[in-house]
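Student: I'm new to this one and would like a close look at a single part, the loops, with a bit of background on what surrounds them. Could you walk me through it?

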Amino acid sequence: MICRKDSGDLDGDSSMMNKHPVKATVLQKELGLVSAVCLLVGTMIGSGIFISPKGVLLYSGAVGPSLLIWAACGVFTMLGALCYTELGTMIPKSGGEYAYLMEAFGSPLAYLFSWNIVMVSKPSGLAIITLSFAEYASAPFYPGCSPPFIVTKCLATAAIVFIVTINCFSVKLASYVQNIFTAAKLLIIVIIVGTGIFFLAQGKTENLSNTFNGKSVSVGEIGLAFYTGLWAYSGWGQVNFITEEVKNPLRNMPLSIIIGIPLVTICYVMVNMAYFTVMTTNELLMSPAVAVTFGDKVLYPMSWIVPLFVVFSTFGSANGSCFTAARLAYVSGREGHMVEILSFISPRHLTPSPALMFNGFLAILYIIPTDIDTLINFSGFSQCSFTLLTIVSLIVMRFTRKELKRPFKVPIIIAIIMLLVSCFLVLAPIIDNPDIEFLYCTIFILSGLLPYYLFVHLKVEWSRRLMRPITMHLQLLMEVVPPEK
């Protein structure tokens, strides 16, 4: 028997709805300027600045070139972010490069981007960050030796599950976590830089003399040094992944770039100068964890604060990576390039929980291998390749999509410089050392054309019949619904 309310009850309900309007079942605009800056800075400053100095120094050959590469990576990042700001304000959709490649070149290239980033780059990046988190978090319990692999892998898995749970529960909670851990990582950077300035003021400059005396390096090694440095800067396009959730994006997106990236660049250069002030090049190259060795040398008996804050830093970076990765999977599912369930959201929490869980599941799978360097090189090569294509899309749309409004417009010379540098970063390591890994990476990226042809272009009927009941049961299990149009 169906009960109906009388008109008085309906009037009462109507007044209650006016006082407490029901939010539409879509992702809400809940991120202001501070949250956007914290997401950008917090995602960029992860474990890289505490590990990558060794790699940049190894490939660049000396202290001077190493510092120049760190600064050049910051300039490159800033130029790229300005180009992305034009794209993000011109095409105000979440998904980052995916939306821009779709608009400029159509569905196939956008699909290849989502295929690569959703399936490999983003979850493997999360796996790398959480493994770094686990190594630093477990190190105090294994003095004098490295923690067992099983311990770090289990701890990294637990961190991924916890981060995914936070992001599924609330966008605001995830942003608060990001803001807090960004403040923590900036605090440890201030401590490291302040310590370096203290020693410089005392006249400890011997490690910074003759900074350009070192081994000769090839063009390919310079490219690899840039790869390693840019790994520490990775995350500079993260705000573009969440455009639809940023309040007043036409104002806050450019401001977050202008504030965030120069701050990160200054932090990175100053931290490296602090390292080189206290440590010799041999000590830095031999150190398993540069920041921890730095702390042991100059902060004893308070050296424990360095690994503690590195744990905070990596956790915050992992949280930001998880937050943005899910938005790309969500948008790809919404456009029909990924399974439909990834585009569903929780009506209770208004979060893309299926996309978050999928990214976390893949990240846990990528924890199983032990060769992190291969994952870093794969991510660096693929990301530089799609950055190159995205810059090409900006230039192409200057001529093919003149009707689009551009609230923020960069000089075309900046886009051309970015294009040339991106070409160098993609081609130089291949020409200098044509490693088989680059071929594997290219094959994997292009292999996405097969599922695109079958499931997006042809839309084979058997796959739809197969996925329909699976989607229905997953929807019931996770209590999610399609987003409102």
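Tutor: Let's warm up with a cysteine: Cys-154 is partly exposed, with a relative accessible area of 47%. On this scale, buried means under 20% relative accessible area, exposed means over 50%, and partly exposed is in between (1.4 Å probe, protein chains only). Keep in mind that this is a predicted model, where local features need pLDDT of at least 70, side-chain atom pairs count only at pLDDT 80 or more, and totals for chains, interfaces and linings use all residues. Residues are numbered from 1 along each chain as its sequence is written, and side-chain values use heavy atoms, with hydrogens and water left out.

Another cysteine, Cys-38, counts as buried at 13% relative accessibility. As for disulfides (pairs of cysteine sulfur atoms within 2.5 Å), the count is zero.

Now for your loops. Between helix 9 (219-233) and helix 10 (249-278) there's a loop that holds Glu-244; helices here are DSSP runs of H or I, at least four residues, numbered from the N terminus. What does Glu-244 touch, leaving aside residues up to four places away in sequence? Its partners are Lys-29, Pro-92, Lys-93, Ser-94 and Arg-334, where contact means heavy atoms within 4.5 Å. Along the chain, Glu-244 and Glu-30 are 214 residues apart, yet their C-alpha atoms are 9.6 Å apart in space.

Asn-248 sits in the loop between helix 9 and helix 10 as well. Its phi is positive, about 45°, although Asn-248 is not a glycine. Asn-248 counts as partly exposed, at 44% relative accessibility.

Hop over to the loop between helix 13 (305-334) and helix 14 (353-367), and you'll find Leu-350. Leu-350 isn't a glycine either, and its phi is near 55°, a positive value. Is Leu-350 buried or exposed? With 11% relative accessibility, Leu-350 counts as buried.

Finally, some background from the interior. The largest nonpolar core has 134 residues, and the members touching the most others are Cys-83, Phe-113, Ile-261, Tyr-275 and Phe-294. Such a core is a set of buried Ala, Val, Leu, Ile, Met, Phe, Trp, Tyr and Cys residues joined through side-chain atoms within 4.5 Å. Take Phe-113: not counting residues up to four places away in sequence, its contacts include Gly-95, Glu-97, Tyr-98 and Leu-101. Phe-241, Leu-328 and Phe-386 are among the residues Phe-113 touches, too.

Notes
Helices (H or I, at least four residues) and strands (E, at least two) are DSSP runs, numbered from the N terminus.
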